[in-house]
Amino acid sequence: MFENTIFKCNREGRKALSVRLASAEPFWIELAALSGFDCVSLDGEHGAYSPVEVDRIVSVAHAHGLTVKARVPNHSADEINRWLDRGLQGIMAPHIETGEQAQALVNACYFGPLGHRSWGGGRGTEFNDDGLLEAGYGNRRGFAEFANENMLVLVQVESKTGYENLDDILAVEGLDGIAYGAFDLAYSLGLPGEGADHPEVARVHADIEARTRAAGKRMSWDYFVETDQAELLLSAGREFVKVNRDSAFPD
């Protein structure tokens with residue numbers, strides 16, 4: 001385990017550049033590292049990742065110095081614990097609608113006294129190896145403090161109910177920030193099929209952002225943008241997806 005690269009970038013005065021993967025193929029992580037990305041983001045809510053695949057992804061990402069974060073399927077403690085045991089340093093929970101749900105998320109992500117995270121035996125706790133824990137952190141308590149300091153905790157506010165309870169959500173200690181969910185929010189507002197460009201959705205998003213920043217918390221953006229790094233990643237990837245005409249089906 002190492003310093004959360006997202007926090008490191010922020011301390012250096014820049015935003016972390018994250019690549020969101022839809023594939024479990026490790027070579028995409030290598031390309032992301034070579035292309036200048038800072039971290040890897042997994043969509044565990046809509047993606048089809050198995051625990052074994054997540055384990056493989058994190059091991060390759062860590063070998064290249066990339067932090068891994070994920071949107072988890074739900075905010076239950078046992079689900080979150082499975083992801084954290086793989087070595088993730090960032091959790092985003094979808095469909096958070098109350099302060100109580102946000103508090104439960106925080107409890108699941110942090111070791112005591114900040115939360116109630118369960119101690120596992122995977123990469124997320126240095127495989128519970130006494131030698132590694134003592135050499136790197138002094139003891140288990142030292143590791144728990146390190147893990148808490150490097151844990152990013154985000155929630156998606158993507159419903160009318162969540163928006164109405166935003167102040168209670170923002171009041172939760174240990175919550176780092178808020179992410180949007182434009183399409184689900186639009187449905188919840190009675191605007192099926194609309195998205196972030198709809199005036200009412202845009203108004204709600206602007207209010208969420210203003211109140212989040214006023215509370216001293218981060219905004220997490222999950223929109224696709226064109227960047228030099230993204231073009232480099234795609235260009236490099238195309239070298240691995242060429243058709244071998246000699247083995248193609250005949251016309």
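**Exercise 1. Is Trp119 buried, partly exposed or exposed, going by its relative accessibility?**

Before we start, keep in mind that this is a predicted model.

Step 1. The relative accessibility of Trp119 comes out at 29%.

Step 2. Buried would need a value under 20%, and exposed one over 50%.

Step 3. Trp119 therefore counts as partly exposed, given its 29%.

**Exercise 2. Take the rings of Phe111 and Trp119 and work out how their planes are arranged.**

Step 1. Start with the wider picture: six aromatic pairs turn up in the structure.

Step 2. For Phe111 and Trp119, the ring centres sit 5.3 Å apart. The cut-off for a pair is 6.5 Å between centres, so these two qualify.

Step 3. Now the angle, which is 40 degrees between the planes. Stacked would take an angle under 30 degrees and edge-to-face one over 60, so this pair is tilted.

Step 4. Check the surroundings of each ring. Phe111 is buried, at a relative accessible area of 4%, whereas Trp119 is partly exposed.

Step 5. Finally, look at the company they keep: Phe111 and Trp119 belong to one aromatic cluster along with Tyr137, Phe143 and Phe146.

**Exercise 3. Find the salt-bridge partner of Arg71 and say which parts of the chain the pair ties together.**

Step 1. Searching the whole structure gives 16 salt bridges.

Step 2. In one of them Arg71 pairs with Glu45, with 3.4 Å between the closest N and O atoms. That is inside the 4 Å limit, so the contact counts.

Step 3. Place the two ends. Arg71 belongs to strand β3 (residues 67-71), while Glu45 is in the loop between β2 (39-43) and α3 (51-63), so the bridge ties together parts 26 residues apart in sequence.

Step 4. As for accessibility, Arg71 has just 11% and counts as buried.

**Exercise 4. Helix α11 holds the pairs Arg203–Glu200 and Arg211–Asp207. Describe each one.**

Step 1. Arg203 bridges to Glu200, the closest N and O atoms lying 2.9 Å apart. Along helix α11 (residues 199-214) they're three residues apart, about one turn.

Step 2. Both ends are partly exposed: Arg203 has 42% relative accessibility and Glu200 has a relative accessible area of 28%.

Step 3. Arg211 bridges to Asp207, again with 2.9 Å between the closest N and O atoms. Here the spacing is four residues, about one turn of the helix.

Step 4. Arg211 is partly exposed at 24%, and Asp207 is partly exposed at 24% too.

Step 5. Elsewhere, salt bridges with shared partners link Lys8, Glu12, Arg14 and Asp38 into one network.

Conventions. Residues are numbered from 1 along each chain as its sequence is written. This is a predicted model: local features need pLDDT of at least 70, side-chain atom pairs count only at pLDDT 80 or more; totals for chains, interfaces and linings use all residues. Side-chain values use heavy atoms; hydrogens and water are left out. A salt bridge is a side-chain nitrogen of Lys or Arg within 4 Å of a carboxyl oxygen of Asp or Glu. Helices (H or I, at least four residues) and strands (E, at least two) are DSSP runs, numbered from the N terminus. Buried means under 20% relative accessible area, exposed over 50%, partly exposed in between (1.4 Å probe, protein chains only).
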